[in-house]
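Q: I've got this one open on my screen and would like a close look at one spot, rather than a quick tour. Could you pick a place to start and walk me through what sits there, then show me how other parts compare?

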Amino acid sequence: MITRQRLAAGVCALLAALTAGIAFPTGAVADETAEQAAPKVELVLDVSGSMRARDIDGGSRMSAAKQAFNEVLDATPEEVQLGIRTLGANYRGNDRKTGCKDTAQLYPVGTLDRTEAKTAVATLTPTGWTPIGPALLKAADDLDGGNGTRRIVLISDGEDTCQPLDPCEVAREIAAKGIGLTIDTLGLVPDAKTRDQLSCIADATGGTYTSIQHKEELTDRVGQLVERAADPVVTPVAVEGATACTSAPTLKSGLYTDREEFGQHRYYRVDVKPGQELRASVSVAADREVNPDYGVLLRAVTVHGREIVRGEAAGNGRTDVVSTGLRYPKAESDDDNTPAETVCLQVSNSFSAASGVKTTPGMPVELTVDVVDGPDQASDVASFGLGRGWWLLGALVLTGFLAGVLWGWVSRLRIAVWRTN
């Protein structure tokens, strides 16, 4: 299975969309400059017995993990609060109930003391079970509190051995809490079942899955994820869409979150002045089990219900997020006093709940709105459906012509030489 990542720009901010939708004042805008708490990252390492396997560049999986941790600890940005949690590191027995409780915080989340953290990592020895689900629940508690970026980086070489506590369902539960926490997963020399499970965990929270075969890959990927936590993020604004355009909240450029029930329509209003262009995108996260074959529709309509433009996307159950977007340029006007046009954004979905799944609260929705100056030249608009593709088409035509002339000349020369001989 290939690495799957979240769709559309701003997908990391989608996790904050998991907060319950509440009413927000008209014209609210996402605050990109609001002071953020220190980003928090917890590395969750599988220390089960299978980590003894010596199949990563001639060494054991455990030694590869230790080396990666040491290098990542040296490169961790100062502003990142980092912690380490283990699973399967302490219990050596065969009692499943006890083994499935074997998760402990090796180094607390906080200001990093690199020497102390490295010393703690050096003591690890592959030991017991693989309680991924319980470890994720504890890690979420470790990162609780604050409004900064929170990220779990799970490194494992096998499936969870503590079913029926499905770690994928645990990840969905964490996502449904609306705490804005991302889980990224890395599989060490994984088999197909391990890849499926780790991918599902990552997808449930908008994270990424990476398959690891070499030491350098592990070091580089963990380092990237830790550094990513230090990147500034946009704080989404909770907004409650209406069931009709006339009562919808008016939005300005920004990032918004809401919740939408199965098969529901939600409306939002945006004012677009002449000469401006409205760009909007929406993502709906399936934070619970849903039936396959579903879709998301984003329409821009007038206040009277006439469709202006639409964007739509479909899914088949293999991803937990479906996104789509649209663009609507408002023509420039010669009259400086021309009022802005009110455009209604309609968000619809065709999700249906699987048997026994609760339909409330609604599914998390992320809505991005951007109103910018429209294009001055028609070159920004597709020409005969090709747009700037005309450059490529022209280059291909010229290349084909020159190749034909050259081939004809060479063929003619060869024939002349053949006749002479």
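**Starting at Phe-401**

A: Phe-401 is exposed, with a relative accessible area of 54%; keep in mind that this is a predicted model. You'll find Phe-401 in helix α9, which covers residues 389-420. Phe-401 also has nonpolar company on the surface: together with Leu-398, Leu-402 and Val-405 it makes up a patch with about 420 Å² of accessible area in total.

Now for a contrast, go to strand β5 (181-188). Eight of its eight residues are buried, so β5 is largely enclosed by the rest of the structure. In a regular strand, side chains alternate between the two faces of the sheet. In β5 both faces are covered: Leu-181, Ile-183, Thr-185 and Gly-187 are buried on one side, and Thr-182, Asp-184, Leu-186 and Leu-188 are buried on the other.

What does β5 pair with? Strand β4 (residues 150-156) runs parallel to β5, joined to it by seven bridges, and in that pairing Arg-151 has Thr-182 as its bridge partner. Strand β6 (residues 209-212) is also parallel to β5, over four bridges, with Leu-186 opposite Thr-210. To get from β5 to β6 the chain passes through α7, and this β-α-β crossover is right-handed.

Val-189 sits in the loop between β5 and α7 (192-204). Its phi is positive, about 45°, even though Val-189 is not a glycine. Most residues other than glycine have a negative phi. As for cover, Val-189 is partly exposed, at a relative accessible area of 23%.

Asp-293 has a positive phi too, near 65°, and isn't a glycine either. Look for Asp-293 in the loop between β11 and β12 (294-301). Asp-293 counts as exposed, because its relative accessible area is 62% and the cut-off for exposed is over 50%.

That loop leads us back to β11, which belongs to an open, mixed sheet of five strands in the order β7-β9-β16-β11-β14. The edges are β7 (237-238) and β14 (321-329); each has a single partner strand, so one side of each is left without a neighbour in the sheet. Inside that order, β11 (residues 276-285) and β16 (residues 363-373) run antiparallel and are joined by nine bridges. One bridge to look up there is Val-284 with its partner Val-365 in β16.

Methods: Residues numbered from 1 in each chain as written. Predicted model: local features only at pLDDT ≥ 70, side-chain atom pairs only at ≥ 80, totals over all residues. Heavy atoms only, no water. Patch = residues over 30% accessible without salt bridge, like charges linked within 9 Å, V, L, I, M, F, W, Y side chains within 5 Å. Areas by Shrake-Rupley, 256 points an atom, 1.4 Å probe, with all protein chains shown as cover. Salt bridge = Lys/Arg side-chain N within 4 Å of Asp/Glu carboxyl O. Helix = DSSP H or I, 4+ residues; strand = E, 2+ residues; numbered from the N terminus. Buried < 20%, exposed > 50% of the residue type's maximum accessible area, 1.4 Å probe, protein only. Pairing = 2+ DSSP bridges. Right-handed = clockwise from strand over helix to strand, strands pointing away.
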